[in-house]
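Reader: I've just opened this one and don't know my way around yet. Could you walk me through it?

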Amino acid sequence: MSYNSRTDHSDTYASVGYLKETGYMIKTDFERYSGRVNYNMNPLTWFKTGINLAMTRSFSNNSTATSSSSSSFGNLTRFVRQMAPIYPIHKHDMETGAYLDANGNPTTDKSQYVYDYDGPRLSVAGRHAIAEQLWNERTYATNTNMGKVYATLMPLEGLEMTVNYSVDAREVRRSTYRNAIVGDGAPGGDLYKYSYRTTSETFSRIINYRRTLGEHNLLVTAGHESYKYAYEYLSGSKRDQTVSGIYEFPNFVDINSLNSYTNNYTKEGYLARLNYDYAARYYASASFRRDGTSRFSKNNRWGNFWSVGASWRVSEEPFMQGVTWVSNLKLRASYGETGVDRILDADDNQDYFPYLS
């Protein structure tokens, strides 16, 4: 559902959404809630501002196969391809075909059927992908929130000063329980949880000045930008559950693993740019940046980067007007220097502290 409106001095847009899907494997699904609000207003000829907000929340139950390799014994697709069609998934009497209860007695009560994970119908005993999928728990939840606000002042003709601030926060939580009866969690059962949160903030102040004199056009830009990013990670695993049906760590006895870390990253830059053109035929540009990044040591954190360029739209010259087989012809040359701080470690993951041992 969405709504929008517009007046002489403002515009508004709002929407909400809901999605629910059932997976093609048992006990798999996906559910999502989303919302967005955009509001911009221009109350004065020299001032405008606005805010944009968005939120998404999603929940899902995953198949055992989604977090295992294709050769995993818990993979449902592998299970049904490997299982002979003459065998049912529940225990039964080989001579009469009657289904058996937990005590080995024939029963017609489907609620008393037991899964056959010790029978001959699989080459690997002690595994039963359907039972594992039903008895295990694999939940995944995400929250994403984004916001942006800006304000622009236009005190003089051609002069525009803009301040932007945006924040993007995302949180992911996953919980995996493997049952105590059959599969990778047996015997005893185990629980694994992890969560991470990323937060990024961007703040910029940009000044643009445009001036036109006859066929001369000039655009001057200057500004300051800063960026801040944080990644917070927490994970833990315990085994040997006490009672069934409770998927929290106090219900498990021994710690398998426990880990946490935080990555922080900041970047700051000052910039200036000059664009000039004459008669929409001759162009020249120059830019300069000074950037600093937290990925380098304090003694080598800042760098200067620049560029120059020029171009000539030959197709706009009077002597080209009679040439019908050329619609656009431009000659362009530029040169510049830039820097990179996206350093990777031995596993091709971003290294946020490469100067530290």
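Reader: Let's start with the open spaces. How much space lies in the largest pocket?

Author: Keep in mind that this is a predicted model. The lining of the largest pocket takes in 24 residues. The space in this pocket comes to about 400 Å³.

Reader: Which element gives the largest share of that pocket's lining?

Author: Three elements give two or more residues to the lining: β9 (252–278), β10 (282–293) and β11 (302–313). The largest share is 6 residues, and the strand behind it is β10.

Reader: And which residues lie nearest the centre of the largest pocket?

Author: By class, the lining divides into 8 nonpolar, 9 polar and 7 charged residues. Out of the 24 lining residues, the ones nearest the centre are Asp291, Phe305, Thr338, Gly339 and Val340.

Reader: Moving on, what volume does the second largest pocket have?

Author: This pocket is lined by 16 residues, and closest to its centre are Arg173, Arg174, Ser175, Lys193 and Tyr194. The elements giving two or more residues to the lining are β4, β5, β6 (159–178), β7 (190–213) and β8 (216–241). As for its volume, the figure is about 210 Å³.

Reader: How many charged residues are in the lining of the second largest pocket?

Author: Sort the lining by class and you get 7 nonpolar and 6 polar residues. The charged ones number 3.

Reader: What about closed spaces: how many cavities of 30 Å³ or more are there, and how much space lies in the second largest?

Author: The count of cavities of 30 Å³ or more is 3. For the second largest cavity, the space is about 40 Å³.

Reader: Which residues are closest to the centre of the second largest cavity?

Author: The lining divides into 1 nonpolar, 5 polar and 5 charged residues. There are 11 lining residues, and the closest to the centre are Arg127, Glu132, Asn136, Arg178 and Asp184.

Reader: Now the outside. Which element gives the most to the nonpolar surface patch?

Author: The patch covers about 520 Å² and is made by Val37, Tyr39, Met41, Ile51, Leu53, Val149 and Tyr165. At least two of its residues come from each of β3 (29–44) and β4 (47–61). With 3 residues, the strand that gives the most is β3.

Reader: Why does Val149 count as partly exposed?

Author: You'll find Val149 in strand β5 (residues 137–153). Partly exposed covers the range between under 20% and over 50%. Val149 falls in that range because its relative accessible area is 36%.

Reader: Any backbone oddities? Which residues does the cis peptide bond join?

Author: One partner, Pro187, sits in the loop between β6 and β7. The bond has an omega of about -15 degrees, and the residues joined are Ala186 and Pro187.

Reader: What is the phi of Asp240, and is the residue buried or partly exposed?

Author: Asp240 belongs to strand β8. Its phi is positive, near 65 degrees, and Asp240 is a residue other than glycine. With a relative accessibility of 27%, Asp240 counts as partly exposed.

Reader: Where is Asp348, and why does Asp348 count as exposed?

Author: Asp348 is placed in the segment after β12 (330–336). Phi for Asp348 is near 65 degrees, a positive value in a residue other than glycine. The cut-off for exposed is over 50%, so Asp348 counts as exposed at a relative accessibility of 59%.

Reader: How far apart in space are Ser315 and Tyr140?

Author: Ser315 is in the loop between β11 and β12, where the residue is buried at a relative accessible area of 8%. Along the sequence, 175 residues separate Ser315 from Tyr140. In space, C-alpha to C-alpha, the distance is 58 Å.

Reader: Last one: what separates the C-alpha atoms of His92 and Pro106?

Author: His92 lies in the loop between α1 (76–82) and α2 (129–135). Buried means under 20% relative accessible area, so His92 qualifies with 18%. His92 and Pro106 are 14 residues apart along the chain, and their C-alpha atoms are separated by 7.7 Å.

Key. Residues are numbered from 1 along each chain as its sequence is written. This is a predicted model: local features need pLDDT of at least 70, side-chain atom pairs count only at pLDDT 80 or more; totals for chains, interfaces and linings use all residues. Side-chain values use heavy atoms; hydrogens and water are left out. On a 1 Å grid over the protein atoms alone, a cavity is a set of points where a 1.4 Å probe fits but cannot get out, and a pocket is an open set with protein on both sides within 12 Å along at least five of seven lines; lining residues have an atom within 4 Å of a point. Grid points are joined across faces, edges and corners, and a volume is the space filled by probe spheres set on the points. Ala, Val, Leu, Ile, Met, Phe, Trp, Tyr, Cys and Pro count as nonpolar, Asp, Glu, Lys and Arg as charged, and the others, Gly among them, as polar. Patches are made of residues with over 30% relative accessible area and no salt bridge: like charges are joined within 9 Å, nonpolar side chains (Val, Leu, Ile, Met, Phe, Trp, Tyr) within 5 Å. Accessible areas come from the Shrake-Rupley method with a 1.4 Å probe; for residues, only the protein chains shown count as cover. A salt bridge is a side-chain nitrogen of Lys or Arg within 4 Å of a carboxyl oxygen of Asp or Glu. Helices (H or I, at least four residues) and strands (E, at least two) are DSSP runs, numbered from the N terminus. Buried means under 20% relative accessible area, exposed over 50%, partly exposed in between (1.4 Å probe, protein chains only).
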